[in-house]
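User: Hi! Could you go through this one with me? I have a few quick things to ask.
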Amino acid sequence: MNAPESAGMKDKVVLVTGGSRGIGAAIARRFAREGAHLVLNHRDGKGRSAQMADELCREAESGGGRAVAIPADISKKDAVKAMFAQVEEEFGRLDALILNAARAPFKPWEKLLERDLKLLVETNFLGNVFCLQGALPLLSRRGGSVVFISSLGSRYYHPEYPLGPMKAAMEAAVRHWAESFEERGVSVNAVCAGLVKTDSFKTLRMIQPELEELPERYFVTPEEVAESVYFLAGAGAASIRGQTLVVDRGLSNQLNRPPG
């Protein structure tokens with residue numbers, strides 16, 4: 001097994017899917033502060049996401065690192081293949097892959113259309129597999145890491161959150177990948193984020209208005225999630241393999257539902 005080169009991330013190359021906003025942007029900034037070079041993936045090459053990715057790249061480069069934004073729909077295998085070819089060309093290495101991108105409708109299972117189901121599987125499962133496949137040759141060269149961003153929907157029921165089962169499937173994949181690629185020097189773990197006030201939370205709040213009454217102390221910031229991702233991606237977490245770290249300020253310790 002190849003050991004990671006060092007505990008720090010200076011001059012390492014980190015790719016963050018869905019890296020233009022929210023949790024992904026916070027993760028990118030955390031690595032940039034330590035001198036890492038960034039690859040920011042976002043789905044569209046135009047619009048607000050592209051603008052935010054470009055701004056984040058300039059911010060990262062002002063700190064001395066290199067950064068490149070690569071638009072690619074990870075549900076398309078050819079697009080993922082082209083993205084990693086560009087990473088090879090731009091940097092010649094990859095040290096950490098952060099699987100953060102997600103897309104999903106908020107609706108009950110019985111109302112999911114065929115296109116909704118395809119979106120769920122193609123982006124949130126197949127897309128992550130495509131990224132892992134594309135990253136593995138680069139990650140294996142020096143010893144690298146993969147961190148998947150999950151959510152509490154992976155383990156708790158919500159009637160209008162079909163993304164949850166996809167997150168659960170990926171947490172299972174993380175366990176398998178950790179064993180499959182350990183001999184190549186690639187560590188794989190996940191962070192299960194609690195309630196974070198991102199764009200998707202605005203929609204969740206509309207269908208679950210009681211969240212407005214939840215004390216502020218139970219909300220996790222994107223930066224807190226990023227801190228745990230940074231830890232799992234580094235050499236300090238070398239003994240952690242195939243695990244999902246729950247970062248929710250203890251909210252899930254108190255979840256209960258009286259019998260109806």
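User: How many disulfides does a search of the whole structure find?
Analyst: Happy to help! This is a predicted model, and searching the whole structure turns up zero disulfides.

User: Why is there no bond for C131?
Analyst: Because the closest cysteine sulfur, in C57, is 17 Å from the sulfur of C131, which is too far for a bond. A disulfide needs the two sulfur atoms within 2.5 Å.

User: And what about C192, where is the nearest cysteine sulfur?
Analyst: That would be the sulfur of C131, 20 Å away, and C192 is in no disulfide.

User: Is C131 buried or exposed?
Analyst: C131 has 0% relative accessibility, so it counts as buried. C192 is buried too, with a relative accessible area of 0%.

User: Nice. Switching to helices: how do the axes of α1 and α2 cross?
Analyst: Helix α1 covers residues 22–33 and helix α2 residues 47–62. Their axes come within 10 Å and cross at roughly 15°. Angles under 35 degrees count as roughly parallel, and α1 and α2 are therefore roughly parallel to each other.

User: Left-handed or right-handed crossing?
Analyst: The crossing of α1 past α2 is right-handed.

User: Which residues make the contact?
Analyst: From α1 you have A25, A28, R29 and A32, and from α2 there are L56, E59 and A60.

User: And what is that contact like by class?
Analyst: Between α1 and α2, the contact has five nonpolar residues, two charged ones and no polar ones.

Key:
Residues numbered from 1 in each chain as written. Predicted model: local features only at pLDDT ≥ 70, side-chain atom pairs only at ≥ 80, totals over all residues. Heavy atoms only, no water. Buried < 20%, exposed > 50% of the residue type's maximum accessible area, 1.4 Å probe, protein only. Axes fitted to C-alpha atoms, helices over the stretch in contact; angles between N-to-C directions. Helix = DSSP H or I, 4+ residues; strand = E, 2+ residues; numbered from the N terminus. Parallel < 35°, antiparallel > 145°, perpendicular 65-115°, else oblique. Left-handed = near helix turned anticlockwise from the far one by under 90°. Contact = heavy atoms within 4.5 Å. Nonpolar A, V, L, I, M, F, W, Y, C, P; charged D, E, K, R; others polar.
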